[in-house]
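Please show me this structure and explain how its features can be read.

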Amino acid sequence: MCLDPSTKPGDHLAPRPRYHATVSTWVEIGDRVFVRRYEFYDQNIGVVLSDGAVLVIDTRSTHVQAREIAADLRMLTSYPVTVVVDTHGHFDHAFGNHVFRPATIWGQAGCPTFLTRTAETRRARVARDEPSLATDLAEVVIDPPDQVFETAATIDVGGRPVELRFLGRGHTDHDAVVSIPDADVVFAGDLIEGGNVPFFNDAYPLDWPATADALAALVTGIVVPGHGDHAGHAFTVEQATAIGAVAALARRVDAEDLGLEDAIALTPFPAFPPEDIRAPLKRALAQLRGELS
Ligand SMILES: [Zn+2]
């Protein structure tokens, strides 16, 4: 259970107005590794190409949005998508899965469970809060990953190894980190975010700092957050530090060393209004008090 009754497991409707619209085009960030930013939630979709094989990382919010990815892929390759990885089961990362069948869909072992458990709640809530998506959402076929891993797996993408890792609980309890070693690129899912405070409503804020540190240790080249600009090691460390500071502030509040409002004022995300860490702090306090499932 959560302290904030408006926050339920599976929620992923953080206000996203600070995301800025971007020109959507494929950007090659490593050898045959591409990212494309879609305006809705300023989301990053990744692609890895090799001989006759196409890997897509995350599938967006509806079958219509996923079909847009498939159409845009024609600019890169004539081959069909052979493998998908869901970085996690939030609707904006996994509701488009079904469009890419019969491709294999990978996720961390907790991803199918999360997606199945939360999908209908999500579908209803997103339809309410994003009315322009309501009709499409009603038609989405929920199609969870059929291939899972616990801590690590290596996928062969046309002879290219792509590594999947679970670094610990963080943004969710099943975040998959995708590394393409021969291109020195890491897709981090929503363990870090560009353009917004990371989303904590399904998070494990006391675990997330160590997970983010482990992510930072993996990043030697380019890192692609789930949303916003792709970046590098320094940004990853900056995010990990801020996520650690949220946990530290919550511990002080829990110890009555600091009031909640004072903790909010000390936000470690100075680019955003301090109020933006109210929900993260509440989630961290809930975990400290044993109120998360
Ligand atoms: Zn997410």
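The dialogue below takes up a metal site, a sheet and a cavity.

Q: What kind of model is this, and how are residues numbered?
A: This is a predicted model, in which local features need pLDDT of at least 70 and side-chain atom pairs count only at pLDDT 80 or more, while totals for chains, interfaces and linings use all residues. Residues are numbered from 1 along each chain as its sequence is written, and side-chain values use heavy atoms, with hydrogens and water left out.

Q: Which residues are the protein donors of the zinc ion?
A: Donors are N, O and S atoms within 2.8 Å of the metal (3.2 Å for Na, K and Ca), and sites may look incomplete because water is not among the atoms. Here the protein donors are His88 (NE2), His90 (ND1), His171 (NE2) and Asp190 (OD), which lie 2.2 to 2.3 Å from the zinc ion. His88 sits in the loop between β5 (83–85) and α2 (91–94), and Asp190, 102 residues apart from His88, in the loop between β11 (185–189) and α5 (208–218); helices (H or I, at least four residues) and strands (E, at least two) are DSSP runs, numbered from the N terminus. Both His88 and Asp190 are buried, that is, under 20% relative accessible area with a 1.4 Å probe and protein chains only.

Q: In what order do the five strands of the open sheet stand?
A: Two strands pair if DSSP finds at least two bridges between them. The order in this sheet is β8-β9-β10-β11-β12, with mixed pairing. Each of β8 (152–157) and β12 (222–225) has a single partner strand, so one side of each edge strand is left without a neighbour in the sheet.

Q: Where do the side chains along β8 point?
A: They alternate, with Ala153, Ile155 and Val157 buried on one face, whereas Ala152, Thr154 and Asp156 point to the other and are not buried. Strand β8 runs antiparallel to β9, joined by six bridges, and Ile155 has Val162 as its bridge partner in β9. In the hairpin of these strands, with two residues between them, Gly158 takes a positive phi near 55 degrees.

Q: Which element gives the most to the lining of the second largest cavity?
A: Rolling a probe the size of a water molecule over the atoms shows where empty space is left. For the second largest cavity, β11 gives the most to the lining, with three residues, and among the lining residues are Asn44, Phe187 and Val224.

Note on methods. Buried < 20%, exposed > 50% of the residue type's maximum accessible area, 1.4 Å probe, protein only. 1 Å grid on protein atoms, 1.4 Å probe; cavity = no way out; pocket = protein on both sides within 12 Å on 5 of 7 lines; lining within 4 Å.
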